[in-house]
Amino acid sequence: MDPVQEWHIEPYTASCKQEWDYFVSASRNGTFLFRRDYMDYHADRFEDGSLMTYRGQKLRALLPAHWDGRRFCSHLGLTYGGVISDDKMTAQSMIELFGFIIRFIEERGAECWVYRPVPYIYTRYPSQEDLYALFRWNARLTERKISTVIPSSNAYPFSTLRCRKVHKAIQQEFTIFQDDYYAAFWKVLERNLWERHQAYPVHSLDEIILLHRRFPEQILLYRVCDKEKSTVAGCVMYLTSRVAHVQYIGSTAEGRKSGAVDYLFHHLIHDVYAGVDYFDMGTSVEEKGRVLNEGLIFQKEGFGGRAVVYDTYEINLKDETIK
C-alpha cells in the first residue's frame, strides 16, 4: 500500500488546465485526446465531471468524465477515457481509488458509473490496474468494439486481393496528398457514410478543422486524387506516441472500384507509419458490438490487421455487493 496520505478528489475547473495538461503529457497512459483543448471542443454537449485525484498535495491520477443525468461517464465523448495515472500507481492504489471515486460520485447523485479504459496499445507502460479494479468492484461489460490493428514490427502481409487492388490503383496514376483540404475530403466522407450506413461523421467539418489547428502534429489528413486532382479517397489520422489511428476513412464509388483505399493504406502502413508501433484501422461493429460488419473487417484484415478491443463497463452503484 502507498505509504502516503488518503486520496483526495477535486472536480476539474478551467483554472487547473495547465496542471491537467502537464499530467496528461507525463502520464503512462494519456494521449492528446485528454488534453483540455481536445476535450473541451464539445463542452456544450457534455456536462463536464472530470476529476483530479491527489494523495497529500501530489496529483496522482486524472479521470476525464461527464455527467449524463444520474450516470457518471468516463468518457462517452471520447474514443476511450479511463483513469489516467502516473508511474507510481499500483494495483492496490487503483482499487482504493475506485472506492473513493464511487463514494464521491454517489454523494453527488450518481447511480451508475460508465467506464471506458484506454486500450493497451496506447500506453507507454503496462497500465491495466483499472481493469482489475473494475473486476473487484463488480463492473459489467456492456459494450465491446473490435478494432483491427497492425503491429508494425512484424506485420502480416497483404492478402492477394488487397495486393491486386493496390496494383490496380497504381495503374490509375493516383496521387496521395497530405494537406489541409478537409472540405474536399468531408464531401466524400459525408456522402460515403450516408449512402452506406445512413450516418454522419461524429465531427462536423468546422470541428475537425478546429481540432487540426489545435493539434497540427497529431491530426493529419491524407487524400488520394485522380489525374484531374479530384478527391477519390482519403483518411484522417490521429497520431499518438505509439499508435497511428485511422479516425475517418472514405472513398467515392470510383475510388472503391479503382482500389484507392488499398493504395492509400499501403502507403501509410509500409512507408509513412512503418516506424510507429501500431497502425489502428478502427472499429467494424454496430449496436455496441453485437453486430459485426463482416465486409468491413474482412477488408481490414486483408491489410494484415487483427483484433484489439475497445471496451465499455458499468458499475451499478445501487448494487449492494459493491458496498
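Modeller: Let's start with what a strand is: a DSSP run of E with at least two residues, numbered from the N terminus. With that in hand, K229 can be placed in the loop between β11 (219–225) and β12. Keep in mind that this is a predicted model.

Biologist: Why is K229 called exposed?

Modeller: The relative accessible area of K229 is 53%. Exposed means over 50%, so K229 earns the word.

Biologist: And what makes the phi of K229 worth a mention?

Modeller: Most residues other than glycine have a negative phi. K229 is not a glycine, yet has a positive phi of about 70°. N138 is another case, with a positive phi near 60° in a residue other than glycine. You'll find N138 in the loop between α4 (129–136) and β9 (140–151).

Biologist: Why is N138 called partly exposed?

Modeller: N138 has a relative accessible area of 38%. The partly exposed class sits between under 20% and over 50%, so 38% puts N138 there.

Biologist: What joins S74 and H75?

Modeller: A cis peptide bond, with omega at about -5°. Most peptide bonds are trans. H75 belongs to the loop between β6 (71–74) and β7 (84–85).

Biologist: Now for T231. How do you know that T231 is buried?

Modeller: Its relative accessible area is 12%. The cut-off for buried is under 20%, so T231 passes. T231 is part of strand β12 (residues 231–239), and touches A184, F185, V188, R223, V224, C225 and T252, leaving out residues up to four places away in sequence.

Biologist: What makes the pair of T231 and R223 a polar contact?

Modeller: Their side chains come to 2.7 Å. A polar contact needs N or O atoms within 3.5 Å, one able to donate a hydrogen and the other to accept it, so 2.7 Å fits the distance limit.

Biologist: Which side chain does the side chain of R242 make a polar contact with?

Modeller: That of D277, at 2.8 Å. The limit is within 3.5 Å, so this distance fits too. R242 is in the loop between β12 and β13 (243–251). Not counting residues up to four places away in sequence, R242 also touches Y120, I121, T123, R124, V276 and Y278, besides D277.

Biologist: How far apart are R242 and R223?

Modeller: They are 19 residues apart along the chain, with 23 Å separating their C-alpha atoms.

Biologist: Why is R242 called partly exposed?

Modeller: R242 has a relative accessible area of 21%. Buried would need under 20% and exposed over 50%, so R242 falls in between.

Biologist: What about S251 in strand β13? Why does S251 count as buried?

Modeller: S251 has 5% relative accessibility. That is under 20%, so S251 is buried. Beyond residues up to four places away in sequence, S251 touches V188, N192, V232, A233, R256 and V261.

Biologist: Let's turn to helices. Why are α5 and α9 called roughly perpendicular?

Modeller: Helix α5 (residues 160–171) and helix α9 (residues 260–272) pack at an angle of about 100°, and their axes are 8 Å apart. Roughly perpendicular covers 65 to 115 degrees, so α5 and α9 qualify. The contact involves R162, K165, V166, A169 and I170 from α5, together with A260, D262, Y263 and H266 from α9. These residues split into 5 nonpolar, 1 polar and 3 charged.

Biologist: Last topic, the nonpolar core. Which residues of the largest nonpolar core touch the most other members?

Modeller: Y38, I219, V236 and Y238, out of 39 residues in that core. Helix α6 (residues 182–197) gives the largest share, 5 residues.

Biologist: What does Y38 touch?

Modeller: Apart from residues up to four places away in sequence, Y38 touches F32, L33, L78, H203, L211, F215, I219 and Y238. There is also a second, separate core of 28 residues, with V83, F98, I102 and I105 among them.

Key:
Residues numbered from 1 in each chain as written. Predicted model: local features only at pLDDT ≥ 70, side-chain atom pairs only at ≥ 80, totals over all residues. Heavy atoms only, no water. Core = buried A, V, L, I, M, F, W, Y, C linked by side-chain atoms within 4.5 Å. Buried < 20%, exposed > 50% of the residue type's maximum accessible area, 1.4 Å probe, protein only. Helix = DSSP H or I, 4+ residues; strand = E, 2+ residues; numbered from the N terminus. Contact = heavy atoms within 4.5 Å. Axes fitted to C-alpha atoms, helices over the stretch in contact; angles between N-to-C directions. Parallel < 35°, antiparallel > 145°, perpendicular 65-115°, else oblique. Nonpolar A, V, L, I, M, F, W, Y, C, P; charged D, E, K, R; others polar.
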